[in-house]
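Reader: Hello! I would enjoy a close look at one part of this model, the largest pocket and what lines it. If there is room afterwards, please add a few words on some buried spots elsewhere.

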Amino acid sequence: MTGRSFSRVGVVGLGTMGAGIAEVLARGGLAVVGVEINEDALERGRGHLKRSTGRAVQRGRLTEEGQRDILGRVTFATGFEGLAECDLVIEAVPERLDLKHTVFAELDRVCRDDAVLATNTSSLSVTEIAAGTGRPTSVVGVHFFNPAPVMKLVEVIATVRTEPDAVSRVAELVTSLGKTPVTIGDRAGFVANRLLFGYLNHAATMLDSGHATRDDIDAAMRTGAGLPMGPFTLMDLIGLDTCVQVLDAIYAESRDRRYAAAPVLRELVTAGLLGRKSGRGFYSYDPAETPAAAPAPDGPPPVVGLVGVGPLSDAIAALCERAGGRVHDSAAELSGCDLVIEAAQDAEAGRALLSTAAQAVKPGTVLAVTSVDGSVIRQAMATGRPADVVGLHLPDPSGTLAEIAATVATAPGTAVRAAALLGRLGLTTVRCRDRAGLIVDALRFPYLNDAAAMLGAGYADAASIDAAMTLGCGYPTGPIADLDRLGLDRAVTVLRALHAETGDPAVTPAPLLVEHVTAGVPLR
């Protein structure tokens with residue numbers, strides 16, 4: 001094996017991903033050989049490439065001459081013999097181990113002894129795929145993200161048998177193509193999918209349990225966590241069958257029940273409802289079935305009472321003032337309030353303050369609990385009027401999302417009134433049951449904990465983990481940076497509450513998190 005660069009690259013499988021990889025390589029000035037199973041499949045692959053580069057021309061990102069140059073660098077074939085002179089061959093066929101073994105056996109037969117063989121698998125073991133060849137030391141994982149011409153991340157995976165030179169040459173190629181390589185070991189899901197699909201499956205399980213609705217979970221993660229799309233919209237985009245495949249692969253390796261695909265996912269896949277590509281998944285993509293937008297909250301800003309002092313109380317007061325609402329913070333003025341918010345800094349103080357306020361307010365006033373270190377129902381029962389009490393969480397006090405939690409004792413109309421009142425303050429509201437973490441923190445902090453555990457285990461460094469999620473998944477910030485931004489102590493508090501409620505060892509705070517909280521130092 002030498003350290004020379006690649007000049008001629010083969011791509012086996014020209015579906016959406018394979019054609020995208022071929023385009024990336026051709027854009028980088030490389031000669032590309034695209035191989036498909038038959039002429040029909042080859043024509044579809046050629047069509048993918050023409051449409052993708054054609055869209056780039058229409059958007060002004062590529063000239064017509066540039067498109068011709070790219071297409072001119074790609075030759076198409078239905079036989080493996082055309083790959084005989086390639087320096088590197090990338091397999092991009094469907095995620096079936098038997099099919100990949102067949103492909104690699106053919107590559108063994110036709111490729112030069114010094115050629116590097118790569119798999120674009122997103123979920124299968126690269127080591128197992130390499131076992132289908134007589135040259136496992138030359139096999140590398142090279143996981144592009146869809147759409148390959150746009151997404152900047154490429155995970156480069158080395159097995160315990162891969163020669164370091166093969167890995168470094170592939171990583172150098174990725175860099176030369178304008179992408180960011182993250183070099184890691186062979187573990188199901190690698191970095192991005194391991195973190196992403198645990199979160200996505202958790203959201204599906206949350207829906208299955210009746211904790212919150214599809215729309216409220218999606219809205220919570222967009223508005224409260226700042227993600228580009230909610231988990232159900234994203235799963236529909238990925239394809240629910242693909243989601244189940246990835247989850248199955250990670251579960252088979254880890255036996256971690258969080259990766260056991262949620263029943264609702266398997267049910268939809270069995271019914272052929274695979275997401276956007278089938279016209280329906282968690283959502284329907286028939287324009288005739290698109291629901292009308294919810295009407296804007298009607299009415300003047302409410303009169304809000306605040307009990308408790310601290311940063312949260314100050315943030316809520318500022319929010320009310322921006323919306324033109326009146327804020328009262330003394331017991332004598334609470335009788336005229338529509339909504340009273342407890343914003344104490346601990347549960348015991350909040351319970352005492354809310355109990356006193358409950359005696360002063362008029363019938364029908366909504367009482368909201370914000371303290372996160374005590375359950376809403378315990379706070380509600382202490383007021384003597386639990387039917388009027390909801391939990392209220394602002395994941396970002398300066399943001400626009402309000403989570404409203406109803407307990408078993410909350411009257412049916414109370415949460416509706418709370419949503420209407422908070423909507424009149426300009427907040428986006430979502431509703432759920434009284435459970436640790438509500439929606440945003442219950443989904444966000446286990447994902448962040450997984451990233452901290454990955455960092456603590458030495459599987460990838462902080463920069464690589466953050467790059468995987470920002471460049472590979474389009475997240476605004478990476479999980480390690482997010483932990484430092486949100487506060488490691490807050491992460492540990494929420495995770496311990498989740499563990500106390502569920503008993504799930506997977507949400508025990510990662511030792512690295514606890515260590516850094518004790519030391520008072522950030523992760524990065």
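Author: Happy to help; what follows starts with the pocket and then turns to a helix and two loop residues. Please keep in mind that this is a predicted model.

The largest pocket has a volume of about 1400 Å³. Its lining is made up of 43 residues, and those closest to the centre are Met17, Asn146, Leu237, Ile238 and Thr242. Which elements supply at least two residues each to this lining? Among them are five helices: α1 (16-27), α7 (192-208), α9 (231-238), α10 (240-254) and α17 (462-473). The strand β6 (139-144) also supplies at least two. Sorted by class, the lining holds 21 nonpolar residues, 14 polar ones and 8 charged ones.

Now to the helix. In α14, which spans residues 376-383, the buried residues are Val376, Gln379, Ala380 and Thr383. These four lie on the same side of α14, because they cover an arc of only 100 degrees around the axis. The general background is simple: an α-helix has 3.6 residues a turn, so residues three or four places apart point the same way. What do the buried residues of α14 pack against? Their partners are the helix α13 (347-360) and the strands β12 (366-369) and β13 (389-393). Just after α14 comes Gly384, with a positive phi near 85 degrees.

Next, the two loop residues. Thr121 sits in the loop between β5 (116-119) and α5 (126-130). Is Thr121 buried or exposed? Its relative accessibility is 1%, so Thr121 counts as buried, the cut-off being under 20%. The side chain of Thr121 also makes a polar contact, at 2.9 Å, with the side chain of Glu95. Beyond its neighbours within four places in sequence, Thr121 touches Glu95 again in the contact list, together with Lys100, Val126, Ile129, His143 and Phe190.

Leu438 belongs to another loop, the one between β15 (428-433) and α16 (440-456). With 10% relative accessibility, Leu438 counts as buried. Glu403 is 35 residues away from Leu438 along the chain, while the C-alpha atoms of the two are separated by 7.2 Å. Glu403 is also in contact with Leu438, and so are Met206, His211, His393, Ala405, Cys432 and Arg433, once neighbours within four places in sequence are left aside.

Key
Residues numbered from 1 in each chain as written. Predicted model: local features only at pLDDT ≥ 70, side-chain atom pairs only at ≥ 80, totals over all residues. Heavy atoms only, no water. Buried < 20%, exposed > 50% of the residue type's maximum accessible area, 1.4 Å probe, protein only. Arc of directions from axis to C-beta. Contact = heavy atoms within 4.5 Å. Polar contact = N/O pair within 3.5 Å; in protein donor to acceptor, adjacent residues only side chain to side chain. 1 Å grid on protein atoms, 1.4 Å probe; cavity = no way out; pocket = protein on both sides within 12 Å on 5 of 7 lines; lining within 4 Å. Points joined across faces, edges and corners; volume = space filled by probe spheres on them. Nonpolar A, V, L, I, M, F, W, Y, C, P; charged D, E, K, R; others polar.
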